[in-house]
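Here are a few exercises to work through with the model open beside you. Try each task before you read its solution.

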Amino acid sequence: MRAAVYYGNQDVRVASVPEPREPGPQEVLLRVRRASLCGTDVSEYLHGPLMIPLHDPHPVTGHRGPTILGHEFVGEVVACGPEVGFREGQRVVCGAGVWCGACPWCRAGRTNLCARYYTLGLHAHGGLAEFVCVPARTCVEVPETCSDEAAAIAQPTAVAVHALRRSGWAPGMSLVVIGTGGIGSLLVGVARAWGGEAIVAVDVDPHRLELAERVGASRRLQAGRDDVRGAVLRATRGEGAEVVVDSSGAEEVLEQATGLVRQGGTILQVGLPHRSPRVPVREMVLQEICWITAVAHVCDQDLPEAIRILASTDLANRVVDRVIPLGEVVPRGLLALVHREAAGKVVVDPSG
């Protein structure tokens, strides 16, 4: 079969590789219908290997060496192992994050913090291929009302769902999202799908701001050009927003967020800074600001809701920039994202 294989820094090749083995107990073999690219894929391509175990075995999976990318994908079940509730021909989306089910975090329902957590497409072969074998527990059935292109972005949408749930945001509350790239734009889209109205998008890139407005932001502000703090304060009667999200990871944004959030409000940290930012502890304490973080998603809780949103709204049509064949995953996929030529998600058709 053909697959997009990571061989090293700026070295991703569409290559012929062996098909996956037959599914074991509690596994399903999928024919991948669509996959999508993520900012993590771009980071691995440009700066990696960062998470991909190219040289040393992964401590959980034991995988080492060239790796099939792809942790956002939808497929059709072609074979099931024993003890699996799916049937051949069903469309399912995979959450890609695999948990053990036995550690304290799994028993508490926080499977994204599993002690033996790993991600398909990073720590083991993923779904940027014609076929992939995955644990059945990571999969959710896709309804007929949800297109393949929409289902392909269910995993990152689930990340946005999880993040908003962690923040305590609810319809009727004001929301500021700083950094409206892949996850940031989906945060805006999920908030809009849940009935949010006062959603302010902040970014330095006008194209990303256009995307944020397209998926539901009520106002867009360009950092470095607009008076972001003044605009947010005016829009919130001088109080500041109830929830401010940093999905950019830029070092200075945490301090900026502290000036945008209301007293007693919440800052949600989703973006990962390359270096630890200055934490304005004094200001946070005196204003009793909550600083909450979110990572990945809880498959059982967040992936079904992501599918529900994508099946019942046009969010995917607004977010997906292009659908490309597998053979063009580097020039029209990864490089397009590197050079910011894609104004949204890039979806890949593995059959092309």
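**Exercise 1. The six-stranded sheet**

Which residue in E13 does Ala201 stand opposite? Then work out the strand order and the edges of the sheet.

Before you start: this is a predicted model, where local features need pLDDT of at least 70, side-chain atom pairs count only at pLDDT 80 or more, and totals for chains, interfaces and linings use all residues. Residues are numbered from 1 along each chain as its sequence is written, and side-chain values use heavy atoms, with hydrogens and water left out.

Solution.
- Step 1: Ala201 faces Arg220 in E13. Helices (H or I, at least four residues) and strands (E, at least two) are DSSP runs, numbered from the N terminus.
- Step 2: E12 and E13 are joined by four bridges in the parallel sense; two strands pair if DSSP finds at least two bridges between them.
- Step 3: Now read across the open sheet of six strands: E13-E12-E11-E14-E15-E16, with parallel pairing.
- Step 4: E13 and E16 (290-293) each have a single partner strand, so one side of each is left without a neighbour in the sheet.
- Step 5: On average, neighbouring strands here are turned by 20 degrees against each other, direction ignored. Axes are lines fitted to C-alpha atoms, for helices over the stretch in contact, and angles run from 0 to 180 degrees between N-to-C directions.

**Exercise 2. Helices on that sheet**

Find which strands H4 lies across, and which residues of H7 are buried.

Solution.
- Step 1: H4 (residues 154-167) lies across E11, E14, E15 (261-269) and E16, and runs at about 150 degrees to E15.
- Step 2: In H7 (residues 228-235), the buried set is Val228, Gly230, Ala231, Val232 and Leu233. Buried means under 20% relative accessible area, exposed over 50%, partly exposed in between (1.4 Å probe, protein chains only).
- Step 3: Those buried residues pack against strands E11, E12, E13 and E14, and also against helix H8 (253-258). Contact means heavy atoms within 4.5 Å.
- Step 4: Just past the end of H7, look for Arg237, with a positive phi of about 55 degrees.

**Exercise 3. Two helix pairs**

Describe how H5 packs with H6, then how H1 packs with H12.

Solution.
- Step 1: H5 (residues 182-193) and H6 (residues 206-215) meet at about 15 degrees, their axes 8 Å apart. That makes the two roughly parallel. Angles under 35 degrees count as roughly parallel, over 145 as roughly antiparallel, 65 to 115 as roughly perpendicular and the rest as oblique.
- Step 2: Ser185, Val188, Gly189 and Arg192 of H5 touch Leu211, Ala212 and Val215 of H6.
- Step 3: H1 (residues 39-47) and H12 (residues 329-338) pack at about 90 degrees, with axes 9 Å apart. They are therefore roughly perpendicular.
- Step 4: H1 brings Asp41, Val42, Tyr45 and Leu46 to this contact, while H12 brings Val330, Leu334, Leu335, Leu337 and Val338.

**Exercise 4. Around Val12**

Is Val12 buried or exposed, and what does Val12 contact beyond its sequence neighbours?

Solution.
- Step 1: Place Val12 in strand E2 (residues 11-16).
- Step 2: Its relative accessible area is 10%, so Val12 is buried.
- Step 3: Leaving aside neighbours within four places in sequence, Val12 contacts Ala4, Val5, Tyr6, Tyr45, Leu69, Val330 and Leu334.
- Step 4: E2 belongs to an open sheet of three strands, E2-E1-E4, paired antiparallel.
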